[in-house]
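Work through the exercises below with the model open. Each task is followed by a stepwise solution.

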Amino acid sequence: MKLFLDTANVEQVKEIAAWGVLDGVTTNPSLVAKEGNDFEKTVMAMCKLVPCVSAQVTATQFDDMVMQGKEYASWHKHVVVKVPMTTEGLKAIHHFSQHNIKTNTTLVFSVPQAILAAKAGATMISPFIGRLDDIGEKGILLIADIMEVWKHNAFKTEVLVASTRHPEHIVDAAKLGAHICTIPYEVFKKLPMHPLTDAGLEKFLSDWKKITKN
Ligand code: G3P
């Protein structure tokens, strides 16, 4: 499973990429607004660090989505154009797939939406599991359903599990065979941690000190 960082903060990408585990980055308008930096410069800086960076169109009509997406794609070959799951978005996804521009369909909340995006030619789809949890549903069940459908169909579209909120989401997505997980910085930082690792290392180092003193 590929691991992406869900952020618009270049320093966070640098930090996690240095671990040697990062396959890409997803951004969205809310994350970009939170950082308040120039969007093109941010995307370009991230493209130098990872091979896959999702940049979301803010246009809502087909022609404008195509224009905006083509501009993003011209910035760097690592850019993936993120398109919302609407009928106008489906048309744009299809257009981009015909022109060899990679896409990530965002705001996927149902299996029919996932199927339509795949059929339109999306490179990846982003089902948002945390937001389903927020409204009292079990977001991970959507991933289970989508992966079941994918088993029986020859879709090339990768399933990118988005809106993850805690390490268990990542484990569950991996167990279901999802292709990619995008993870917020705070959650990513929790992944290497285990109290027994810390306690074990402390003990090893203190025991080592005892013999090196003599
Ligand atoms: O990038 C899209 C997605 O991961 C958003 O997550 O936490 O705002 O639902 P969240």
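**Exercise 1: Polar contacts to the ligand**

Task: in this predicted model, find how far a polar side-chain atom of Arg165 lies from an oxygen atom of the ligand.

Solution. Start at Arg165: one of its polar side-chain atoms is 2.9 Å from a ligand oxygen. The protein covers 83% of the 310 Å² of accessible area that the ligand has on its own. Next take Asp6, where the distance from a polar side-chain atom to a ligand oxygen is 2.6 Å. Finish with Asn28, whose corresponding distance is 3.1 Å. The cut-off for a polar contact is 3.5 Å.

**Exercise 2: The shell**

Task: list the residues that surround the ligand, then sort the shell by class.

Solution. Collect the surrounding residues: Asp6, Asn28, Lys82, Phe128, Arg131, Ala162, Ser163 and Arg165. Now sort them. The shell has four charged, two polar and two nonpolar residues. Last, place the ligand: the space it takes is the largest pocket.

**Exercise 3: A salt bridge in a helix**

Task: which residue forms a salt bridge with Glu88, and in which helix do both lie?

Solution. Begin with the principle: side chains of opposite charge can pair when their charged atoms come close. Searching the whole structure gives eight salt bridges. One pairs Glu88 with Lys91, with the closest N and O atoms 2.8 Å apart. The cut-off is 4 Å. Then locate the pair. Both residues belong to helix α5, which spans residues 87–98. Glu88 and Lys91 are three residues apart, about one turn of the helix.

Definitions and conventions
Residues are numbered from 1 along each chain as its sequence is written. This is a predicted model: local features need pLDDT of at least 70, side-chain atom pairs count only at pLDDT 80 or more; totals for chains, interfaces and linings use all residues. Side-chain values use heavy atoms; hydrogens and water are left out. A residue is near a molecule or strand if one of its heavy atoms lies within 4 Å of it. A polar contact is a pair of N or O atoms within 3.5 Å; within protein, one must be able to donate a hydrogen and the other to accept it, and residues adjacent in sequence count only if both atoms are side-chain atoms. Accessible areas come from the Shrake-Rupley method with a 1.4 Å probe; for residues, only the protein chains shown count as cover. On a 1 Å grid over the protein atoms alone, a cavity is a set of points where a 1.4 Å probe fits but cannot get out, and a pocket is an open set with protein on both sides within 12 Å along at least five of seven lines; lining residues have an atom within 4 Å of a point. A molecule sits in a cavity or pocket if more than half of its atoms lie within 2 Å of its grid points. Ala, Val, Leu, Ile, Met, Phe, Trp, Tyr, Cys and Pro count as nonpolar, Asp, Glu, Lys and Arg as charged, and the others, Gly among them, as polar. A salt bridge is a side-chain nitrogen of Lys or Arg within 4 Å of a carboxyl oxygen of Asp or Glu. Helices (H or I, at least four residues) and strands (E, at least two) are DSSP runs, numbered from the N terminus.
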